[in-house]
Amino acid sequence: MSLKHLATALAAIGAAFILYVGLSYLLAPQATASGFGLPTWPQHDGAGFLAVKGVRDVATGLVLLALLLTGQRRALGWAMAAITFVPAGDMVIVLANDGAAGQAYGVHGATALAVALTAGLLLRERPAPPSAPRPARPRPDLT
């Protein structure tokens, strides 16, 4: 498998995974929140914050898929580099709020590492050389 294929696979898996996570927060917020790593999470009136996370994650996945499907690989690499901040920030938030260190590093830290690795692979790709123009085909003489 080439590095380009690996980067494509990692980007597609990452986009699908964050879409799944976002949809989980929108469809089953209380059940999903326990896996985030914080000792408590919003309930009742504060449960809307879980939907905010769901929307953020779905939007992230859709941006990645749009860039992947349109072949904007360099932009995809830069977007993934910027998005690395999200799981890294989540890791710091879990650790700063007495959350589970295993989940902070194992879920959020590992995700940040995977996203950064994928961004690096995409950004080190060299653009394909422009293809040579095809010679014009002779047109039949209609006279």
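A nonpolar core is a set of buried Ala, Val, Leu, Ile, Met, Phe, Trp, Tyr and Cys residues joined through side-chain atoms within 4.5 Å. With that idea in hand, the interior of this predicted model can be explored. The largest such core has 14 residues, and those that touch the most other members are Ala11, Leu64, Leu76, Met80 and Leu122. Helix 1, helix 3 (48–69), helix 4 and helix 6 (101–123) each give two or more residues to this core. Nonpolar side chains tend to be buried together in soluble globular proteins.

Met80 offers a good place to look around. Apart from its neighbours within four places in sequence, Met80 is in contact with Ala11, Leu64, Val115, Thr118, Ala119 and Leu122. A second core, separate from the largest one, consists of nine residues, with Val21, Ala33, Phe36 and Val94 among them.

Nonpolar residues also appear at the surface. There, Leu23, Leu26, Leu27 and Val55 form a nonpolar patch, and their accessible area together is about 390 Å². Helix 1 (residues 3–27) is the element that gives the most to this patch, with three residues. Leu26, which lies in helix 1, counts as partly exposed because its relative accessibility is 38%, a value between the 20% and 50% cut-offs.

How confident is the predictor in all this? The average pLDDT of the chain is 90, and 98% of the residues score at least 70. Among the elements, the highest mean pLDDT, 97, belongs to helix 4 (residues 73–83), while the lowest, 87, belongs to helix 2 (residues 29–33).

Note on methods:
Residues are numbered from 1 along each chain as its sequence is written. This is a predicted model: local features need pLDDT of at least 70, side-chain atom pairs count only at pLDDT 80 or more; totals for chains, interfaces and linings use all residues. Side-chain values use heavy atoms; hydrogens and water are left out. pLDDT is the predictor's confidence in each residue, from 0 to 100. Helices (H or I, at least four residues) and strands (E, at least two) are DSSP runs, numbered from the N terminus. Patches are made of residues with over 30% relative accessible area and no salt bridge: like charges are joined within 9 Å, nonpolar side chains (Val, Leu, Ile, Met, Phe, Trp, Tyr) within 5 Å. Accessible areas come from the Shrake-Rupley method with a 1.4 Å probe; for residues, only the protein chains shown count as cover. A salt bridge is a side-chain nitrogen of Lys or Arg within 4 Å of a carboxyl oxygen of Asp or Glu. Buried means under 20% relative accessible area, exposed over 50%, partly exposed in between (1.4 Å probe, protein chains only). Contact means heavy atoms within 4.5 Å.
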